[in-house]
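Subject: Structure handover

Hello,

Here is the structure we discussed. My notes on it follow below the entry.

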Amino acid sequence: MKTPSEFMADGPHSAVNGIGPRHIEDTAAQNGHLSMSASLSKGSSVQSPVNRRKADDVHANGIQATKAIRNKNDIINLSPGLPGFSVDILGFLMLLWPPLCVSYFWLACHSYQCSLGDLGGQVLSKIFDGGIIDFIKKNFPEVNAGAIKLYSFWMLLQVILFLALPGRIRRGTATPAGNVLTYKCNGISAWVVTHLLFFILVKKGFIDATIISDNWGALMVITNVFGFSLAFFSYVKAHFFPSHREDRCFSGSAFYDFFMGVEHNPRIGPFDFKLFFNGRPGIVAWTLINLSFAAKQYQDLGYVSNSMILLNILHGTYVVDFFLNESWYLRTIDIAHDHFGFYLAWGDTCWLPFMYTLQSVYLARNPVNLPWWGCAATLVVGLAGYMIFRSVNHQKDYFRVEMKTNGKCTIWGKPARYILAPYVTTDAEKKHSYLLASGWWGLSRHFNYVGDLLNALSYCLACGFGHVLPYFYIVFMLILLIHRSFRDDVRCRQKYGALWDKYCQMVPYKIIPFVF
Ligand code: NDP
């Protein structure tokens, strides 16, 4: 799951899947900074000058791994095309606009029936007549002790479930320095326990089902403060007590480091920051937030609209799937490549719960009753999206496992078409990978993104066509995934060299066959 910050984040920290791109032997490549260089300098893949350091052989979790030593002195010029201050300005802006965006959408829904235009008109007039500060003060949500207790209880509960519930132990992919970490995947039981607890507390009268929607404004302030504090803590931790010193990534820009993150896998004891914050507080909350806004609709109108039920089903399917396949998630870019900074810390704790649930917030205030065929069509789009999403992702995993274990694989009833792609790791180790060029992966290089886009479209369609606000999500996903497809091309070309170009000739479209 991603935040707007990914547009900045995607480039640098996700370029290398724990191994270095082909022909690149320096630590910048290992960090993935060449990718950032490329994205910030309009696609050029100029190598960044870095200090070279000697590699040490170490054992990580019993696995022979090679660590290239990096530390604070390995300052990487991450933007050959941009002067340092431009990176600072970019970093600063990326810290500023997402919280403003969340606040804007919250206020539009809270006071303007989710009309972005009405709020925009009001803001402009206040800017012109000099009353903007008073306007902000007047509309700033009140934060009470109850909301703080609620959020504290929520976080504590999620941490306890994360640490205490049993789960399957899975290994992640190698980090840039070659560490292979283990993870306890117990997300699905945490999700079930949390939802059962919510139902019991509501049933017994300890809380109202509308508790989240009633505290929505206060929670926005609290999650913002929490997200920023977490990012700050992670930044300090990375400097003074890192979990894996050699996996840190320093850019030379404090803003950039704060934003993108320094540590690859911050941990405190068994508590893994990435797995916990990427999944638990935001994604477990996603379905509870929807339920709470459905309850709000019921409280206000005396019924729950069919669109709200539909939305709960569609979002619920995606969330449950996420936790059922939590070990798959370890191999996605979020966990395998990104570092832990503001964009993950704040993004997962504030952006995700507020922006991914916009549709239910909207429907609570603007009930939409879809005709039966509208419900059916939306459901078909959503389920088709979900099936494509799951099937494409599964096919890649299945293919790679089969090739590794049996050396052959059948896709859609025929022998798989593939490229055997050797690459060289940063410590000059020769390895190889397989690139599937048939089945879903023969249609386009990221057909899984089509599934996600159809999912996103169905969530928006469930809200009818009364306002643009619910459609923000599909626009966001479209930009996010298109950008991600470009970034992944850069990364894979660095890793596989000419063979990636060969693969691109065999599968010429990035996402949508014959279109893009
Ligand atoms: P992908 O699942 O598309 O994986 C890309 C990686 O797979 C490449 O870097 C490469 O890694 C490997 N690869 C590329 N081509 C092939 C091939 N032909 N055969 C085998 N392996 C190949 O990456 P993402 O992590 O971006 O996406 C995972 C899922 O998460 C998607 O379904 C996406 O839509 C979803 N998503 C959802 C978001 C949300 O907020 N809802 C946000 C972002 C993603 P290597 O070769 O190095 O192993």
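A residue is taken as near a molecule if one of its heavy atoms lies within 4 Å of it. On that basis, 30 residues surround the ligand. Tyr449, Asp452, Asp488, Arg491 and Tyr496 are the closest of them. Please keep in mind that this is a predicted model.

Confidence

The protein has a mean pLDDT of 83, and 83% of its residues reach 70 or more. The stretch to treat separately is residues 2-81, where the pLDDT is below 50. Beyond near neighbours in sequence, residues 2-81 still have 246 contacts in the model.

Ligand site

Five elements each supply at least two residues of the shell around the ligand: α18 (372-406), β10 (430-436), α20 (447-461), α21 (472-496) and α22 (498-506). The largest share comes from α21, with 8 residues. Sorted by class, the shell has 17 nonpolar, 8 charged and 5 polar residues.

Three side chains can be listed with their distances to oxygen atoms of the ligand:

- Arg400 has a polar side-chain atom 2.6 Å from a ligand oxygen.
- Asp488 has a side-chain N or O atom 2.6 Å from a ligand oxygen.
- Asn448 has a side-chain N or O atom 3.0 Å from a ligand oxygen.

As for cover, the ligand on its own has 930 Å² of accessible area, and the protein covers 95% of that.

By position, Arg400 falls in the range of α18 (372-406), Asn448 in that of α20 (447-461), and Asp488 in that of α21 (472-496). Asp488 is also one of the closest residues to the ligand.

Disulfide

How many disulfides does the model have? The count comes to 1. The bond joins Cys109 to Cys114, with 2.3 Å from S to S. The link of Cys109 and Cys114 is right-handed, with 115° about the S-S bond.

Regards

Notes
Residues are numbered from 1 along each chain as its sequence is written. This is a predicted model: local features need pLDDT of at least 70, side-chain atom pairs count only at pLDDT 80 or more; totals for chains, interfaces and linings use all residues. Side-chain values use heavy atoms; hydrogens and water are left out. pLDDT is the predictor's confidence in each residue, from 0 to 100. Contact means heavy atoms within 4.5 Å. A polar contact is a pair of N or O atoms within 3.5 Å; within protein, one must be able to donate a hydrogen and the other to accept it, and residues adjacent in sequence count only if both atoms are side-chain atoms. Accessible areas come from the Shrake-Rupley method with a 1.4 Å probe; for residues, only the protein chains shown count as cover. Helices (H or I, at least four residues) and strands (E, at least two) are DSSP runs, numbered from the N terminus. Ala, Val, Leu, Ile, Met, Phe, Trp, Tyr, Cys and Pro count as nonpolar, Asp, Glu, Lys and Arg as charged, and the others, Gly among them, as polar. A disulfide is a pair of cysteine sulfur atoms within 2.5 Å.
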